[in-house]
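Biologist: Could you walk me through this one? I'd like to go through the fold and the contacts with you.

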Amino acid sequence: MTPDDRLLAAELVIGLLAAEEAAAAEARRAQDADFAAEVAWWETRFAPLFDQYREVAPPPYLAARIEAMLALPHVAGRTPRVHWRSLAIGATGGALAASFAAWLLTPVVVTAPAPPVTTPARPAGLMVAQLAWTDKAKVPAPVAIVEPALGSVRLTRGVDTPADRDGQLWRIPAGGTPVSLGLLPRGGAREVRVALANLPATGSTLAISIEPRGGSPTGQPTGPVVAAGTLERL
Amino acid sequence: MTGNDTQAAETRRATLVTALAMSATGDRQAFSRVYDMTAAKLFGICLRICGERQAAEDVLQEVYLIVWRRAAGYRPERSHPVTWLATIARNRALDWRRSPRGRAFIPVPAGGPDETVDDAPRADQALVATEDGQRLDHCLDELDERPRHAIRSAFLDGLTYADVAGRAGVPLPTMKSIIRRALLRLRECLNDDA
């Protein structure tokens, strides 16, 4: 430990370093036990300053949002920590669960009445999304077929839903927040009718969450997301 | 602290330690107890560092998911549970502040030298051992006013060297060397008293 090392540990703990420097110091901490011990030493010394932070009650809906996320196996599991900012970028293909974590961790306006945002280049042709279950499941996940001309989203197979719950279909524009497309019909039908202005665009994500009967009370998914996939032009 | 306060603080600590241990086994009820006992504290941290409510909410959410995943890694013999939780919250909030989004956000208006300092904690909110606190106070008091203030506000508000230099209207290299010198003294003092 040189004096510079000790300083670096202090700077890291206090938060004086810019992003890149902090990342480098964190990396060193992960590899260098002496340095890690020095960081821990400073953390302990500075811990009393936590008393200076005033308590502020968070909004009540946060607890529910967090609770809902614990139900997501890929988010809640004992997986190595990944940072949502890095996830927000690589949200295609296999990184499906990750993209969900990203989505769930991005700002969600709970009271949003799901406005039909400024319609981006209106989709004309057929679009499909191969959904994937967020949990391990034996049966194959449904494919969602979007037929803009008919204002219809069809699923190739149904989604098991507890008797007192409804499945709800969402579109999530790239980088945006979920917008409801409606409830999955109970019983045999597997089609959801969607207004033209509310049709999902290519590249957006389709997702199904399990909600209380009648759909999410908040306008945003509140229950576990059971399946999701990216929409592609056929 | 009075004897009662001390006892209440210890009960609280023990309850939290237990709830964290149970959370590590996947007990959601225990986890929601952890949340209820600590969310206001952690939200206060996120809010002060992010300086923006929406961001603070997002960060808090992320923090508790991390806590849920890492609960098994908490070691009661090493730190107070609130310190452990607060460190996670503060680090996540710092990450946000250093992200492009966080940097674009201009926090707390620059003001007089004392605007960020010290919301005196209420006695019953003093969560961390006061003895350590007195030592830190003592050693910080030994420093000159400028580095003392810079170090405190860097910690509490999540300010980088560049931020504190900007606020104080001092060139960055100057501010760096002032703070570094102070940190070396601080380390010596904290060590001596140990």
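**Confidence first**

Modeller: Chain B has an average pLDDT of 84, and 85% of its residues score at least 70; pLDDT is the predictor's confidence in each residue, from 0 to 100. This is a predicted model, where local features need pLDDT of at least 70 and side-chain atom pairs count only at pLDDT 80 or more, while totals for chains, interfaces and linings use all residues. Residues are numbered from 1 along each chain as its sequence is written, and chains are lettered from A and ligands numbered from 1 in the order in which they are written.

Biologist: Which residues of chain B have a pLDDT below 50?

Modeller: Residues 109-125 of chain B do, and beyond near neighbours in sequence that stretch has 20 contacts in the model. Two residues are in contact if their C-beta atoms, placed from the backbone, lie within 7 Å. Where pLDDT is low, the predicted coordinates should not be read in detail.

Biologist: And what ipTM does the predictor give the complex?

Modeller: The ipTM is 0.87, and the pTM is 0.61.

Biologist: OK, the interface. How many residues does the contact take from each chain?

Modeller: Chain A puts in 42 residues and chain B 53 residues. On the chain A side, α1 (3-14), α2 (19-31), α3 (33-46), α4 (60-70), α5 (73-76) and α6 (84-87) each supply at least two residues. Helices here are DSSP runs of H or I with at least four residues, strands are runs of E with at least two, and both are numbered from the N terminus.

Biologist: Which helix gives the largest share of that side?

Modeller: α4(A), with seven residues. By class, the side of chain A that touches chain B has 29 nonpolar, two polar and 11 charged residues. For those classes, Ala, Val, Leu, Ile, Met, Phe, Trp, Tyr, Cys and Pro count as nonpolar, Asp, Glu, Lys and Arg as charged, and the others, Gly among them, as polar.

Biologist: A:Asp34 caught my eye. Buried or exposed?

Modeller: A:Asp34 is exposed, because there are 10 other C-beta atoms within 10 Å. The cut-offs: buried is 20 or more other C-beta atoms within 10 Å of a residue's own, exposed is 12 or fewer, and partly exposed is in between, with C-beta atoms placed from the backbone. A:Asp34 belongs to helix α3 of chain A. Its C-alpha atom is separated by 10.0 Å from that of A:Arg6, 28 residues apart along the chain.

Biologist: Switching to chain B. What's its secondary structure?

Modeller: Nine helices and zero strands. Buried residues make up 42% of its 194 residues.

Biologist: How do α7(B) and α9(B) cross?

Modeller: The axes of α7 (residues 145-157) and α9 (residues 172-192) of chain B come within 9 Å and cross at roughly 90°. Axes are lines fitted to C-alpha atoms, for helices over the stretch in contact, and angles run from 0 to 180 degrees between N-to-C directions. The two helices α7(B) and α9(B) are therefore roughly perpendicular; under 35 degrees would count as roughly parallel, over 145 as roughly antiparallel, 65 to 115 as roughly perpendicular and the rest as oblique.

Biologist: Which residues make that contact?

Modeller: B:Arg146, B:Pro147, B:Ala150 and B:Ile151 from α7(B), and B:Met175, B:Ile178, B:Ile179 and B:Ala182 from α9(B). They divide into seven nonpolar, no polar and one charged.

Biologist: What do the buried residues of α8(B) pack against?

Modeller: Against α7 and α9 of chain B. Helix α8 (residues 161-168) has B:Tyr161, B:Asp163, B:Val164, B:Ala165 and B:Arg167 as its buried residues. After α8(B) comes B:Gly169, with a positive phi near 65°.

Biologist: Back to chain A, then. What's the strand order in the open sheet?

Modeller: β2-β9-β8-β5-β6, with antiparallel pairing. Two strands pair if DSSP finds at least two bridges between them. The edge strands, β2 (132-133) and β6 (179-183) of chain A, each pair on one side only. Strand β5 (residues 165-172) and β6(A) share four bridges, and A:Leu169 sits opposite A:Gly182 in β6(A).

Biologist: And which strands does β4(A) pair with?

Modeller: β3 (residues 143-147) of chain A is joined to β4(A) by four bridges, antiparallel, and β7 (residues 191-193) pairs with β4(A) over three bridges, also antiparallel. A:Val146 has A:Val153 as its bridge partner in β4(A).
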